[in-house]
Amino acid sequence: MEAHFPDACSAGCAEDGRVTCTTCFRHCTLAEGQTGFCHGRMNRNGQIVCSNYGLVTALALDPIEKKPLARFRPGSRILSVGSFGCNLRCPFCQNDSISCADQNTVHTEYISPEELCRLAVRERARGNIGAAFTYNEAMIGWEYVRDCAKLIHEAGLVSVLVTNGCVGHDALLKVLPWIDAMNIDLKSISPEVYRDTLGGSLAMTQDFIRMAVRSCHVELTELIVPGMNDSDEEMEELCRWIASLHPGTQDQPDGADLPLHISRFFPRHDWRDREPTPVRTIYHLAAIAGRTLRYVYPGNC
């Protein structure tokens, strides 16, 4: 079945037919038929559309803890779906086979929102509570997330978003009404790391987190990479910022209640020549985080 392209958005069409995508900080200006940096958005007939809409590369029934979510429906399972593409280029990407891929370099199968919802309902018998949009950067295809999550809600199930949070307010507001929980990567508290190493925007990610925590259950993850973000000082600064947030939700009344997952790096993608993060480093940084935050979870140890 062919993918379709619901909705379309643009931000000013230049005289030469180029259109600017406003989903994230990159603001890719695309000619007709051209795909953006993320591989998931394109100029089609003068409009920016989600070109990876419904094109699924991975589908699995996962433990909710794998997202990772530790304090949202613990012990349950969730149908996890991913496509391809990402708007960052982390040299340590743990899932680069699809996050760095495009439609021509990875196998996909089209699954409509209606079909994904049917699959989620069918898996209830195996403990499924809903659908999680994960594996690649889900928000480059926010239209698919929104359409699926709305149907999932109507079926009495929940929707989970796993994201780098490096997208703008407009895209986030389109999906927020249908999202029950998020895990957001906060990869560093350093603007320079975001700009020079990840090719991203810390400010946009922080704005995304500020909005998300006021609307749904949020947990944060920091992947600890030796030499990049493993200092005591960085962990202290990151936790101070998290604690300063004002979620105001019933299960997270203040920032210190936001769960933080401190995850271990393994050599991947362009940084295969590096050593894995020492386990002792993860537990040491978790202890530091625990002085400020109430819920800290070491991961990949």
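A polar contact is taken here as a pair of N or O atoms within 3.5 Å, where, within protein, one must be able to donate a hydrogen and the other to accept it. In this predicted model, the side chain of Asn 128 provides two examples. A polar atom of that side chain lies 3.1 Å from the backbone oxygen of Gly 130, and the backbone oxygen of Ala 120 lies 2.8 Å from a polar atom of the Asn 128 side chain.

Asn 128 belongs to strand 9, which covers residues 128-133. The residue is buried, its relative accessible area being 5%. When neighbours within four places in sequence are set aside, the residues in contact with Asn 128 are Leu 61, Arg 77, Ile 78, Leu 79, Ala 120, Glu 123 and Leu 157. Ala 120 thus appears in this set and also supplies a backbone oxygen at 2.8 Å.

A second element examined was helix 7, formed by residues 232-243. Its twelve residues reach 17 Å from the first C-alpha to the last, close to the 16 Å expected at 1.5 Å a residue. Glu 234, Met 235, Leu 238, Cys 239, Trp 241 and Ile 242 are the buried residues of this helix. Viewed down the axis of helix 7, the buried residues fall within an arc of 160°, and they therefore line one face of the helix. In an α-helix, with 3.6 residues a turn, residues three or four places apart point the same way. Glu 233 and Arg 240, on the other side of helix 7, are exposed. The cover over the buried residues of helix 7 includes helix 6 (202-212) and helix 8 (279-289), together with strand 12 (217-224) and strand 13 (260-264).

Methods. Residues are numbered from 1 along each chain as its sequence is written. This is a predicted model: local features need pLDDT of at least 70, side-chain atom pairs count only at pLDDT 80 or more; totals for chains, interfaces and linings use all residues. Side-chain values use heavy atoms; hydrogens and water are left out. Helices (H or I, at least four residues) and strands (E, at least two) are DSSP runs, numbered from the N terminus. Buried means under 20% relative accessible area, exposed over 50%, partly exposed in between (1.4 Å probe, protein chains only). Contact means heavy atoms within 4.5 Å. The expected span of a helix is 1.5 Å times one less than its number of residues. The arc is that of the directions from the helix axis to the C-beta atoms.
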